[in-house]
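Let's take a walk through this chain together, from the overall layout down to a few individual residues. Keep the structure open beside you as you read.

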Amino acid sequence: MGAKTAMSALLAVMGLLTACATTSTVHSQWQDPAYQGGPIKSAVVLALGASVTEQRIFEDSVVAQLNALGVRATTAYSVLPPSPAPLAEADLENAVRKAGVQGFMLIKLLPPQTGYQSVSQPVFPPPVFGWYGAYQGFYSSEQILLPYTIAASQTTLWDTRTRRLLWSGNLQSFNPASVTATASAYAATLSKTLQQGGLLP
C-alpha cells in the first residue's frame, strides 16, 4: 500500500474515533451494604485535582444532573471560602454543616493516562482489469498504532450526619472530546449508577 493510501486510511480511522461521542464508564465501585437511610436528597459537590476551571466544570455538571433528579445539590465553590490552598478538614466540615445538606460528594480528578492502541486496518489491493471489466481482489489487513487518552476520576459519597462512607467508585472516559463533554458524560453515568444503588431518587 502506498504512503498516500496509508495516510488516508490512518486519517479515516482517527476521524472515526474522534467523531465518537464522549462516554463514561464505571471501572470499579463499592457501596455500603448496611446502609438503609434511603436516597440522598441534598448534597455539596466538591471536585479536586486538575485546574480550577476543570474543577468548577465538573461541579457544575454534577450539580445540574443531581438537580434534575430532584436533589438539592450545591457546588462547593459557592459555599466554601476562597483559598489558594486546599481547606483544612475542620473548615471544610464546618462549611458543609452550614450548607445543611445530607450528603457530601468528593470527586478527585486524576492526571490523564495516555498510550497507544493497535488497530486492524484493511488493506485493499489495486483494481485488476480483465475481460469482464475491473474487479477488486480480496483485502488483507495491517496493524497501526493510534494514540489514546483516558480521563479518570475517583468519587466518594458521604453521609454528613454520620460521616459514613456510602459509596466509592472509579470512572473513566476514553478519548474525551473536551473537559465539558467528559464532565457531562461523567455526571450522567455517576447519577445513573447511584440511582441504581438506591442512593439517589
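Starting at the N terminus, the elements come in the order α-β-β-α-β-α-β-β-β-β-β-β-α. That makes four helices and nine strands. Bear in mind that this is a predicted model. The chain has 201 residues, and 33% of them count as buried. Among contacts with a separation of 6 or more, 72% are between residues 24 or more positions apart.

Let's pick up the chain at strand S2 (42-48). S2 pairs with S3 in the parallel sense, over four bridges. To get from S2 to S3 the chain passes through H2, and this β-α-β crossover is right-handed. If you'd like a landmark in that pairing, look for serine 42, which stands opposite arginine 72 in S3. S2 also runs parallel to S4, with six bridges joining the two. Here valine 44 is the residue to find, standing opposite phenylalanine 104 in S4. S4 itself is largely enclosed by the rest of the structure, because six of its seven residues are buried.

Now for the helix in that crossover. H2 covers residues 52-68, and at 1.5 Å a residue its 17 residues should span 24 Å; the C-alpha atoms at its ends are indeed 24 Å apart, so the two agree. Which residues of H2 are buried? They are Gln55, Phe58, Glu59, Ser61, Val62, Val63 and Leu66. As for what they pack against, the partners are strands S2, S3 (72-75) and S4 (103-109), together with helix H4 (179-196). Just after H2 comes glycine 70, with a positive phi of about 95 degrees.

Phenylalanine 58 is a good residue to zoom in on, sitting in H2. Its relative accessibility is 7%, so phenylalanine 58 counts as buried. Leaving out neighbours within four places in sequence, phenylalanine 58 is in contact with Ala47, Leu109, Val179, Thr182, Ala183 and Tyr186. You can also check its distance to isoleucine 107: the two are 49 residues apart in sequence, yet 8.5 Å apart in space, C-alpha to C-alpha.

Helix H3 (residues 89-99) has Leu92, Ala95 and Val96 as its buried residues. Looking down the axis of H3, you'd see these buried residues fall within an arc of 95 degrees, so they line one face of the helix. Ala90, Arg97 and Lys98, on the other side of H3, are exposed. What covers the buried residues of H3? S2 and S4 are among the elements that do. After H3 comes glycine 100, whose phi is positive, near 65 degrees.

Next, a buried residue in a loop. Isoleucine 40 sits between strand S1 (25-31) and S2. With 1% relative accessibility, isoleucine 40 counts as buried. Not counting residues up to four places away in sequence, isoleucine 40 touches Tyr35, Val71, Gln102, Gly103, Leu157, Leu166, Leu199, Leu200 and Pro201. Isoleucine 40 and glutamine 195 are 155 residues apart in sequence, but 9.8 Å apart in space, C-alpha to C-alpha.

Further along the chain, have a look at serine 173, which is in strand S9 (residues 164-174). Is serine 173 buried or exposed? At 2% relative accessibility, serine 173 counts as buried. Its side chain reaches the backbone oxygen of threonine 23 at 3.1 Å. Apart from neighbours within four places in sequence, the contacts of serine 173 are Thr22, Thr23, Ser24, Thr149, Ile150, Ala151 and Thr182.

Finally, check two backbone angles. Most residues other than glycine have a negative phi. Arginine 163, though not a glycine, has a positive phi of about 55 degrees. You'll find arginine 163 in the loop between strand S8 (140-159) and S9, and its relative accessible area of 48% makes arginine 163 partly exposed. Asparagine 175 also isn't a glycine, and has a positive phi of about 50 degrees. Asparagine 175 lies in the loop between S9 and H4; with a relative accessible area of 22%, asparagine 175 is partly exposed.

Definitions and conventions: Residues are numbered from 1 along each chain as its sequence is written. This is a predicted model: local features need pLDDT of at least 70, side-chain atom pairs count only at pLDDT 80 or more; totals for chains, interfaces and linings use all residues. Side-chain values use heavy atoms; hydrogens and water are left out. Buried means under 20% relative accessible area, exposed over 50%, partly exposed in between (1.4 Å probe, protein chains only). A polar contact is a pair of N or O atoms within 3.5 Å; within protein, one must be able to donate a hydrogen and the other to accept it, and residues adjacent in sequence count only if both atoms are side-chain atoms. Contact means heavy atoms within 4.5 Å. The expected span of a helix is 1.5 Å times one less than its number of residues. Two strands pair if DSSP finds at least two bridges between them. A crossover is right-handed if, with the strands pointing away from the viewer, the path from the first strand over the helix to the second runs clockwise. The arc is that of the directions from the helix axis to the C-beta atoms.
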